[in-house]
Amino acid sequence: MADGRQMTRDLTTLRNLGIIAHIDAGKTTLTEGMLFYSGAKHRVGSVDKGTTETDSDPEEQDRGITIYSACVAFEWKASRINLLDTPGHVDFTAEVERCLRVLDGAVVVFSAREGVEAQSETVWRQADRYRVPRLAFINKLDREGASFETVVEEIDTRLGAAPVPIQIPCGEGPSHMDNSFHGVIDLVRMRQLTFDAQDKGATITESEVAEEHLDMARLWREAMLEKLYAHSDELMELALAEQPIPEQLIHQVLRQATIEMQIQPLLCGSALHGIGVQPLLDAVQEYLPSPLDMPPVTGMSWGKKGGRETTEERAPEPDDPFCGLVFKVVPAKTGDLSWIRIYSGSLKANSRVLNPGRDKRDNVAQLWQIHATRREQQIDEVSCGDIVGVIGLQQSVTGDTLCDTRHPILLEAIEFPETVISMAIEPETTAERKKLESALDLLQRQDPTLSIRANEMGQTLISGMGELHLEITKHRLLRDFNLDVKFHKPQVSYRETIEQAVDVTGECHRQIGGQQLFARLVVRVEPSEHDTQPVVINQCPIDSVPIELLDAAVAELESASQGGGLIAGFPLMKLRVTILGGEFDPESSDEVAFRIAANEAFEKALRGGIPALLEPIMKLDISTPEVHLGDIVGDLQQRRAIIARTDNRGVYSAIEAHAPMNELFGYSSAIRSLSQGRAGASMEPLAYATAPAEVRREYEI
Ligand code: GDP
């Protein structure tokens with residue numbers, strides 16, 4: 001039952017935080033540590049034993065990767081932190097992007113041994129795109145081969161970032177080595193922090209910086225201050241005059257520059273051994289933004305009864321009309337739990353909201369907050385800046401805006417790439433077909449990057465972002481929904497387009513039912529650079545053809561361009577269709593005539609523009625021990641790959657390659673066997689490109 005608590009709070013102390021990292025960098029272990037030290041959990045879970053808080057989906061535990069993000073709230077000193085768990089696997093880019101969209105700040109975790117890995121670059125760029133202020137955390141300093149300095153350097157040069165180390169490690173490497181990693185030096189306060197191994201680092205001893213680290217610490221502190229000069233004249237003047245610099249001033253400058261995305265304070269530790277986690281939480285509180293520090297969101301708004309569209313801003317004002325974004329849907333026994341970031345106003349339980357993108361009203365029956373300690377708590381009202389789970393929504397899916405019914409606003413939609421691979425599913429019985437439909441409906445509400453349609457053979461076709469994406473969907477259908485269905489082999493999702501621009505004239509000269517019909521339409525169809533669905537534009541001079549006839553022609557061109565191409569009927573894309581002109585006759589022109597002319601023009605253009613088959617190209621990020629580099633590159637060349645970049649980084653090398661999806665089936669196991677299990681790859685859709693003749697021949701009808 002609701003306990004009547006209203007979630008109106010001091011927004012300055014709220015942090016909507018994400019931890020983003022390359023897979024295996026230690027994100028889950030770090031999350032566990034945070035929950036443990038905040039007092040929310042009495043035991044540190046272990047990813048290696050499958051007992052962590054955030055990897056709640058059995059599929060995630062099986063695979064040891066975090067696929068579906070969840071939100072856990074906990075208190076740290078004066079703040080409350082909403083921690084969104086983001087997936088580390090780039091095959092789930094859309095999940096990462098959805099989370100980034102609703103976060104206010106992030107901690108990016110790097111492994112002190114592997115450093116900036118191929119995927120870290122991908123997530124870093126995503127965070128840039130969504131303008132998420134960041135802290136960097138160099139983890140695993142207790143591992144053999146750990147190098148703090150190398151990783152700082154890499155973050156600087158490879159990511160083009162502006163890391164400002166505010167800590168340095170005391171020692172590096174495992175406990176059996178001399179000078180093993182045992183604590184950190186806080187460069188702002190010039191104090192040494194030692195973490196007690198007996199209680200997993202819960203007890204921290206603070207002391208003067210030990211003699212052996214003092215010179216190093218002074219150098220790093222100076223470097224830190226110098227990096228801050230550009231952001232504060234006051235700090236620079238004090239430093240140059242060799243005056244004492246107040247601790248508070250350093251905090252303030254670090255905070256301001258972090259929020260403005262000018263710098264990333266950098267900390268370090270070992271999540272597994274409980275070193276450096278509490279100071280990282282302090283830094284989250286100290287330097288990362290609250291919802292009030294973030295710029296207002298913008299969206300399209302319109303009057304009550306349609307009316308003109310305007311761009312509107314919404315700031316985190318509790319008294320403004322409500323607006324929020326659904327960023328995740330999780331199935332729950334009591335009904336789907338939809339996770340919402342609230343941008344303005346407040347949301348009450350038992351209320352109605354508008355889903356402006358679908359022009360539907362929806363029900364907010366219950367509001368839930370997931371606490372790490374009490375697990376969950378039902379509340380009556382939640383205010384802007386916060387994140388809440390809603391039960392009751394029927395019409396809304398991930399990516400949808402919700403708003404006050406009287407004050408519509410449509411926030412910018414979350415964009416997803418085109419799907420690149422599909423798999424046919426056939427239920428064995430009619431009863432199974434019903435079950436399959438409802439299971440797929442649920443999966444699609446959670447994951448809009450999964451597309452579902454029927455093919456010509458009456459099979460259900462599911463399409464997604466990669467082989468792993470479909471594999472996981474398959475496992476969920478079998479395991480979570482107990483379906484008895486037949487899965488076909490995954491197939492590449494081809495598309496079609498034309499190679500060159502053509503101007504064509506489509507005409508209608510017909511007698512239908514004793515009546516003469518006439519229309520003439522001049523249309524240009526040209527390939528477009530962007531991987532988008534075909535677009536139809538009307539540039540017919542005003543007054544040459546009545547608007548209702550042109551509207552009919554536009555609708556016809558839109559529907560024709562949704563159909564298949566001439567090579568093998570694959571969906572069309574990358575096309576721009578422009579109506580350049582037309583002729584009509586007041587006696588014999590009508591909508592039907594213009595539809596016929598539009599159709600004729602489109603068909604002529606597809607033929608005249610030279611049809612081309614497009615195949616999806618994937619971006620591969622590979623990390624491999626140097627010794628296997630040659631084999632892996634050789635294998636990639638056999639797969640028609642273009643090597644975009646290789647970086648040799650001592651023992652490990654990073655490769656970025658672009659290769660057709662068609663050549664990448666089973667690639668994750670292939671790369672493992674090429675490298676005795678030591679190399680890893682991730683892939684995501686990059687673009688659609690013209691397929692070579694030999695691929696095209698296979699599909700030509
Ligand atoms: P994620 O994939 O980023 O969530 O990484 P996990 O938290 O699952 O960690 C990957 C592996 O690294 C697990 O076996 C962890 O026990 C291990 N690990 C995590 N943090 C540390 C650390 O600080 N030191 C060492 N030596 N191992 C760690």
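The legends below describe close-up views of salt bridges and sheets in a predicted model.

**View 1. Salt bridge between Arg406 and Asp404.** The side chains of Arg406 and Asp404 meet with an N to O distance of 3.3 Å. This pair is part of a structure that holds 32 salt bridges. Arg406 is exposed, its relative accessible area being 54%. Asp404, in contrast, is buried, with a relative accessible area of 13%. Side chains of opposite charge can pair when their charged atoms come close.

**View 2. Salt bridge between Glu418 and Arg495.** The closest N and O atoms of Glu418 and Arg495 are 2.8 Å apart. Glu418 lies in the loop between β25 (409–411) and β26 (421–427), while Arg495 belongs to strand β31 (residues 495–498), so the salt bridge ties together parts that are 77 residues apart in sequence. Both Glu418 and Arg495 are buried.

**View 3. Salt bridge between Arg696 and Glu700, with a separate salt-bridge network.** Arg696 and Glu700 form a salt bridge in which the closest N and O atoms are 3.0 Å apart. Arg696 is partly exposed, at a relative accessible area of 22%. Glu700 is also partly exposed, and its relative accessible area is 40%. Elsewhere, Asp186, Arg189, Arg191, Glu206 and Glu208 are joined into one network by salt bridges that share partners.

**View 4. Open antiparallel sheet of four strands, β8-β9-β10-β11.** The strands follow the order β8-β9-β10-β11, and their pairing is antiparallel. At the edges stand β8 (167–170) and β11 (204–207); each has a single partner strand, so one side of each is left without a neighbour in the sheet. From one strand to the next, the twist averages 25 degrees. Strand β10 (residues 191–195) and β11 run antiparallel and are joined by four bridges. Within β11, Ser207 is the residue that stands opposite Gln192. Helix α6 (residues 211–229) packs on this sheet and touches β8, β9 (183–186) and β10. The direction of helix α6 makes about 160 degrees with that of β8.

**View 5. Open sheet of four strands with mixed pairing, β32-β33-β35-β34.** The strand order is β32-β33-β35-β34, and the pairing is mixed. The edge strands β32 (502–512) and β34 (535–538) each pair on one side only. On average, neighbouring strands are turned by 25 degrees against each other, with direction ignored. Strand β33 (residues 515–527) runs antiparallel to strand β35 (residues 575–583), and eight bridges join the two. Val525 has Val577 in β35 as its bridge partner.

**View 6. Helices α12 and α13 beside the mixed sheet.** Which strands does helix α12 touch as it packs on the sheet? Helix α12 (residues 547–562) is in contact with β33, β34 and β35. Its direction makes about 165 degrees with that of β34. Helix α13 (residues 591–608) lies across β32, β33 and β35. Helix α13 runs at about 140 degrees to β32, one of the edge strands of the sheet.

Conventions. Residues are numbered from 1 along each chain as its sequence is written. This is a predicted model: local features need pLDDT of at least 70, side-chain atom pairs count only at pLDDT 80 or more; totals for chains, interfaces and linings use all residues. Side-chain values use heavy atoms; hydrogens and water are left out. A salt bridge is a side-chain nitrogen of Lys or Arg within 4 Å of a carboxyl oxygen of Asp or Glu. Buried means under 20% relative accessible area, exposed over 50%, partly exposed in between (1.4 Å probe, protein chains only). Two strands pair if DSSP finds at least two bridges between them. Axes are lines fitted to C-alpha atoms, for helices over the stretch in contact, and angles run from 0 to 180 degrees between N-to-C directions. Contact means heavy atoms within 4.5 Å.
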